[in-house]
Amino acid sequence: MVRRVSILGATGSIGQNTIDLIRRAPRDYDVVALTGAGNVAQLARDAIDLRAEVAVTGREDLLEDLRAALAGSGVAAAAGAAAICEAAARPVDWTMSAIVGAAGLAPGLAALRNGKTLALANKESLVCAGKLMMDTARTHGARILPVDSEHSAIFQALTGEDIAAVERIIITASGGAFRDWPLERLAQATPEQASHHPNWDMGQRITIDSASMFNKAMEVIETHEFFGTPHDRIEVLVHPQSMIHALVGFNDGALMAHVGPADMRHAIGFALHYPQRRHLPVERLDLAAIGQFEFRPPDERRWPALRLARETIAAGGLTGAVFNAAKETALDGFIAGRIGFTDMADIVAQTLEDKNASDGLIGATMTLDNVLRIDHLARNAAEAAMNKRAG
Ligand code: NAD
Ligand code: MG
């Protein structure tokens with residue numbers, strides 16, 4: 001059966017890996033919408049090649065460029081955040097949510113309202129609005145399949161199991177670019193240095209978040225929101241090889257580990273073919289050649305983001321929206337050279353403490369409007385904290 005699919009964030013790292021899998025079996029898919037942002041040439045090329053119905057850029061100023069690149073192809077062009085949501089709402093069987101940041105929230109919700117399958121790479125939507133995402137899926141009979149490698153691993157380890165028998169969930173972390181740096185050097189780390197991941201090839205933002213462990217911090221929140229696990233039963237384990245992605249511990253002492261190569265096409269392909277398993281073009285691990293797996297506890301002095309994630313979960317309500325907005329703003333500040341690497345965690349910690357970041361909305365109902373209001377307020381509060389630091 002031919003399945004209708006859309007890819008939100010098609011020009012990014014996850015989007016391109018998704019397209020790679022779809023291109024291998026073009027007759028199995030009807031591509032409906034592809035979305036991107038700045039890279040309209042790439043977006044247009046893929047949309048034409050995959051015969052998409054519509055290509056949408058988030059950048060309204062690039063609509064004419066996109067139109068020109070699509071001229072005569074029969075692919076419709078659109079631009080802007082609202083147009084991305086409209087494209088995401090087109091009826092399809094399967095949607096990949098792979099926009100980076102809170103910008104992925106509204107399109108993800110629009111796709112969920114179709115009542116079909118949302119393959120979720122955009123972890124920020126679970127961090128800033130987990131309950132809203134899960135409730136929307138339930139209300140509309142939609143299914144969310146995790147695409148983050150750790151969460152896909154947990155999901156797979158839980159197949160056929162009773163969630164009530166789960167004692168703990170362990171997600172692994174490579175430790176990122178600065179795993180072995182002396183602590184006192186971290187403050188001087190540059191965006192360039194933070195943008196090299198030892199094992200994974202990913203977008204720049206998540207790569208820097210891996211070095212700071214903000215990525216793992218978000219994944220702790222993501223695990224809590226998606227699987228309902230209390231935060232004190234979610235452990236982070238440093239595993240430099242990135243081959244065990246997660247382990248689920250059961251009440252009889254068993255640990256089910258998911259082992260696989262550091263290639264996102266595994267988790268994407270699992271979500272694409274679920275509930276079947278199909279052949280995927282990823283490396284087969286030669287464990288004898290690998291020889292050994294290492295594990296270490298995470299050092300919370302090196303990675304304060306982990307503590308901030310637990311505090312965010314414990315605070316509850318809409319705190320995740322503050323956490324995410326503060327983190328995105330601090331990351332922008334680091335990339336722009338306005339603050340140092342270790343300042344990012346300080347800015348997030350300060351913003352979490354700042355009443356102006358939520359204006360009394362922490363306990364409010366989790367609606368898209370309230371999440372976006374907090375997102376706006378928390379970005380301003382984080383900006384103010386950065387300006388103070390710089391000045
Ligand atoms: P990326 O930066 O490579 O791609 C991001 C995509 O989002 C691009 O298509 C870009 O055009 C689009 N985009 C960016 N800003 C936008 C905006 N304001 N409006 C609309 N579209 C916008 O990022 P990525 O590494 O592919 O990550 C995508 C998501 O998947 C992130 O949430 C990330 O945390 C998650 N994720 C990525 C990986 C990975 O291996 N790359 C692994 C796990 C989870
Ligand atoms: Mg991950």
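1. Let me start at the metal site of this predicted model. E219 has a relative accessible area of 1%, so this residue is buried. D148 comes out at 7% relative accessibility and therefore counts as buried as well, the limit being under 20%. Both residues are donors of the magnesium ion, which is ligand 2.

2. Which protein atoms hold the magnesium ion (ligand 2)? The donors are D148 through OD, and E150 and E219 through OE, at 2.1 to 2.2 Å from the ion. Along the chain these donors follow the spacing D-x1-E-x68-E. D148 sits in the loop between β7 (143–146) and α7 (149–157), while E219 belongs to helix α10 (residues 214–227), so the pair ties together parts that are 71 residues apart in sequence.

3. Now to ligand 1, if you are setting up its surroundings. There are 22 residues around ligand 1, and those that come nearest are T11, S13, I14, A37 and E124. By class, the shell around ligand 1 divides into 12 nonpolar residues, seven polar ones and three charged ones.

4. You may like to look at the backbone contacts here. A backbone N or O atom of A37 is 2.9 Å from an oxygen atom of ligand 1, and A37 is also one of the residues listed as nearest to this ligand. A polar backbone atom of G9 lies 3.3 Å from an oxygen atom of ligand 1. For V100, the distance from a polar backbone atom to an oxygen atom of ligand 1 is 3.4 Å. On its own, ligand 1 has 830 Å² of accessible area, of which the protein covers 83%. Two elements, α1 (13–23) and α6 (123–139), are the ones that give two or more residues to the shell around ligand 1.

5. Where does ligand 1 lie with respect to the domains? Residues of its shell come from both domain 1 (3–146) and domain 2 (165–261 + 298–390), so ligand 1 lies between them.

6. A103 is a handy landmark on the outside. This residue is placed in the loop between β5 (94–97) and α5 (105–112). Its relative accessible area is 56%, so A103 is exposed. The C-alpha atoms of A103 and L377 are 15 Å apart, with the two positions 274 residues apart in chain numbering.

7. Some backbone geometry deserves a friendly flag, starting with a proline. The peptide bond joining Y274 and P275 is cis, with omega at about 5 degrees. P275 is found in the loop between α11 (264–273) and α12 (287–290).

8. Two further residues are worth a look for their phi angles. R51 is not a glycine, yet its phi is positive, near 55 degrees. The loop that holds R51 runs between α2 (40–49) and β3 (54–57). With a relative accessible area of 72%, R51 is exposed, because exposed means over 50%.

9. D359 also has a positive phi without being a glycine, at about 50 degrees. This aspartate lies in the loop between α15 (343–353) and α16 (368–390). At 55% relative accessibility, D359 counts as exposed.

Notes
Residues numbered from 1 in each chain as written. Chains lettered and ligands numbered in written order. Predicted model: local features only at pLDDT ≥ 70, side-chain atom pairs only at ≥ 80, totals over all residues. Heavy atoms only, no water. Near = heavy atom within 4 Å. Polar contact = N/O pair within 3.5 Å; in protein donor to acceptor, adjacent residues only side chain to side chain. Areas by Shrake-Rupley, 256 points an atom, 1.4 Å probe, with all protein chains shown as cover. Helix = DSSP H or I, 4+ residues; strand = E, 2+ residues; numbered from the N terminus. Nonpolar A, V, L, I, M, F, W, Y, C, P; charged D, E, K, R; others polar. Domains from an automatic or database assignment. Donors = N, O, S within 2.8 Å, 3.2 Å for Na, K, Ca; no water. Buried < 20%, exposed > 50% of the residue type's maximum accessible area, 1.4 Å probe, protein only.
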